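Colleague: Could you take me through one part of this model with some care, namely the place where the ligand sits and the spaces in the protein that can be set beside it?

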Amino acid sequence: MKVLANDGVSQSGINALEKAGFKVITTKVAQEQLANYINENDVDVVLVRSATTVRKEVIDACPGLRIIGRGGVGMDNIDVEYARSKGLHVINTPAASSQSVAELVFAHLYGSVRFLHDSNRNMPLDGDKKFKALKKNYAKGLELRGKTLGIIGFGRIGQEVARIAVGIGMNVLTSDKFVDEASITLNFFDGQSNDFKFKTIPMDEVLAKSDFITLHVPAQKEYVIGKPEFDKMKNGVGIINAARGGVINEVALIDALESGKVAFAGLDTFEQEPTPAIKVLMNNRISLTPHIGAATNEAQDRIGTELASQIINLLIND
Ligand SMILES: NC(=O)c1ccc[n+]([C@@H]2O[C@H](COP(=O)([O-])OP(=O)(O)OC[C@H]3O[C@@H](n4cnc5c(N)ncnc54)[C@H](O)[C@@H]3O)[C@@H](O)[C@H]2O)c1
């Protein structure tokens with residue numbers, strides 16, 4: 001049986017599939033050639049990330065296809081219901097990257113409270129000429145321990161963020177439209193563990209009481225954070241968005257940064273991807289990453305091996 005990993009797959013995933021007898025093709029087939037390629041090569045499984053789309057036309061044109069797999073979470077690039085109605089399995093790996101995204105949140109947070117995003121912009125330019133002035137500019141750093149982190153969206157990633165926050169001694173407030181409570185286990189290096197119970201509270205309360213706020217909700221039609229929400233936050237709050245562009249109103253964010261209401265923002269996702277607004281890119285109070293939340297070796301390994309084991313279960317063990 002053949003697997004076409006059109007947007008790539010980790011070597012660990014390839015190894016697991018090959019061990020089970022699959023041939024794995026990692027050629028990048030152009031979107032318009034995809035259906036032809038699948039048919040001519042008798043591909044049973046097509047794996048994609050976000051680049052390749054698998055729409056109704058491809059599904060209709062490829063009667064031999066049995067599984068569509070998405071490495072990662074969002075499946076907006078696949079006609080999932082249609083594929084399932086035609087008897088195809090559609091699989092993804094929703095939990096594989098949660099830890100990586102959660103750690104990136106803390107990369108932005110730890111960096112921002114010590115002005116690393118700005119310091120890294122200015123040290124190469126002025127570090128030798130204005131060392132003392134820069135030192136003064138970045139003198140009023142903050143510690144995270146003891147501060148309150150507000151987590152909006154308490155699903156897989158929100159809970160991973162809470163796990164790290166508790167571990168470093170932060171107070172954690174959470175809000176979720178659908179989740180009322182969740183229990184999280186902290187496992188320590190020496191085998192000890194501790195359970196924590198969280199009850200979610202109304203979002204307005206999280207907005208009002210948090211020193212830092214991080215968003216972990218899915219993409220939605222309306223902004224979750226716009227001017228009315230910024231107005232409810234503490235002065236000097238920090239905000240992180242590693243969820244989806246469009247969850248924060250970026251125009252309102254820039255205003256809030258300029259007025260001082262928001263001290264800093266950390267953004268991994270943008271309203272306009274892959275061409276974020278220049279006003280966002282140029283703002284020296286924003287810590288920026290180009291949508292790399294899931295982009296760690298560990299997450300990509302987990303994605304590959306999870307896809308492989310699901311494929312093996314569906315096509316071999318069933
Ligand atoms: N930066 C990256 O590279 C990256 C990687 C993976 C996932 N993500 C994004 O992270 C986000 C969270 O992923 P997840 O795996 O934790 O999803 P999840 O479905 O496990 O959790 C999302 C939570 O948000 C809650 N929710 C939905 N709308 C809400 C609202 N308006 N207010 C409050 N809560 C709301 C849901 O009830 C759910 O509990 C998604 O947008 C996902 O696309 C980003």
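What follows is a single connected answer, which begins with the ligand and then turns to the other spaces and to two details of the backbone.

Modeller: The model is a predicted one, and the values below should be read with that in mind. The ligand takes up the space of the largest pocket, whose volume is about 1,200 Å³. That pocket is lined by 46 residues, and those closest to its centre are Val 73, Ile 157, Val 217, Ala 243 and Arg 244. Two elements give two or more residues to this lining, namely helix H8, which spans 156-167, and helix H13, which spans 297-317. Of the elements, H8 gives the most, with three residues. Sorted by class, the lining of the largest pocket comprises 20 nonpolar, 16 polar and 10 charged residues.

Turning from the pocket to the ligand itself, one finds 23 residues around it, of which the closest are Arg 156, Ile 157, Asp 176, Val 217 and Asp 268. Ile 157 and Val 217 are thus named among the closest residues to the ligand, and both are also named among those closest to the centre of the pocket. The shell around the ligand is made up of 11 nonpolar, seven polar and five charged residues.

Several polar backbone atoms of the protein can be placed against atoms of the ligand. For Val 217, a polar backbone atom is 2.7 Å from an oxygen atom of the ligand, while for Gly 293 the distance from a polar backbone atom to a ligand oxygen is 3.2 Å. A nitrogen atom of the ligand, in turn, lies 3.2 Å from a polar backbone atom of Lys 177. On its own the ligand has 860 Å² of accessible area, and the protein covers 87% of that area.

The second largest pocket holds about 210 Å³ of space. Its lining consists of 14 residues, and Ser 112, Phe 115, His 117, Ala 263 and Phe 264 are the closest to its centre. Helix H5 (98-113), helix H6 (116-126) and strand S12 (262-267) are the elements that give two or more residues to this lining. By class, the lining of the second largest pocket has six nonpolar, five polar and three charged residues.

As for enclosed space, the structure holds one cavity of 30 Å³ or more, and the space in the largest cavity comes to about 40 Å³. The residues that line this cavity are Gly 8, Val 9, Leu 47, Val 48, Arg 49, Gly 71, Ile 303 and Leu 307. Strand S3 (45-48) and H13 are the elements that give two or more residues to the cavity lining, and H13 also gives two or more residues to the lining of the largest pocket. In the cavity lining, five residues are nonpolar, two are polar and one is charged.

Two backbone details involve the loops that adjoin strands already named. In the loop between S12 and helix H12, which spans 278-281, lies Pro 274, and the peptide bond that leads to Pro 274 from Glu 273 is cis, with omega near 10°. S12 is also one of the elements that contribute to the lining of the second largest pocket. The other detail concerns Asp 42, which lies in the loop between helix H2 (34-40) and S3. Phi of Asp 42 is near 50°, a positive value in a residue other than glycine.

Terms used
Residues numbered from 1 in each chain as written. Predicted model: local features only at pLDDT ≥ 70, side-chain atom pairs only at ≥ 80, totals over all residues. Heavy atoms only, no water. 1 Å grid on protein atoms, 1.4 Å probe; cavity = no way out; pocket = protein on both sides within 12 Å on 5 of 7 lines; lining within 4 Å. Points joined across faces, edges and corners; volume = space filled by probe spheres on them. Helix = DSSP H or I, 4+ residues; strand = E, 2+ residues; numbered from the N terminus. Nonpolar A, V, L, I, M, F, W, Y, C, P; charged D, E, K, R; others polar. Near = heavy atom within 4 Å. Polar contact = N/O pair within 3.5 Å; in protein donor to acceptor, adjacent residues only side chain to side chain. Areas by Shrake-Rupley, 256 points an atom, 1.4 Å probe, with all protein chains shown as cover. Sits in = over half its atoms within 2 Å of the grid points.
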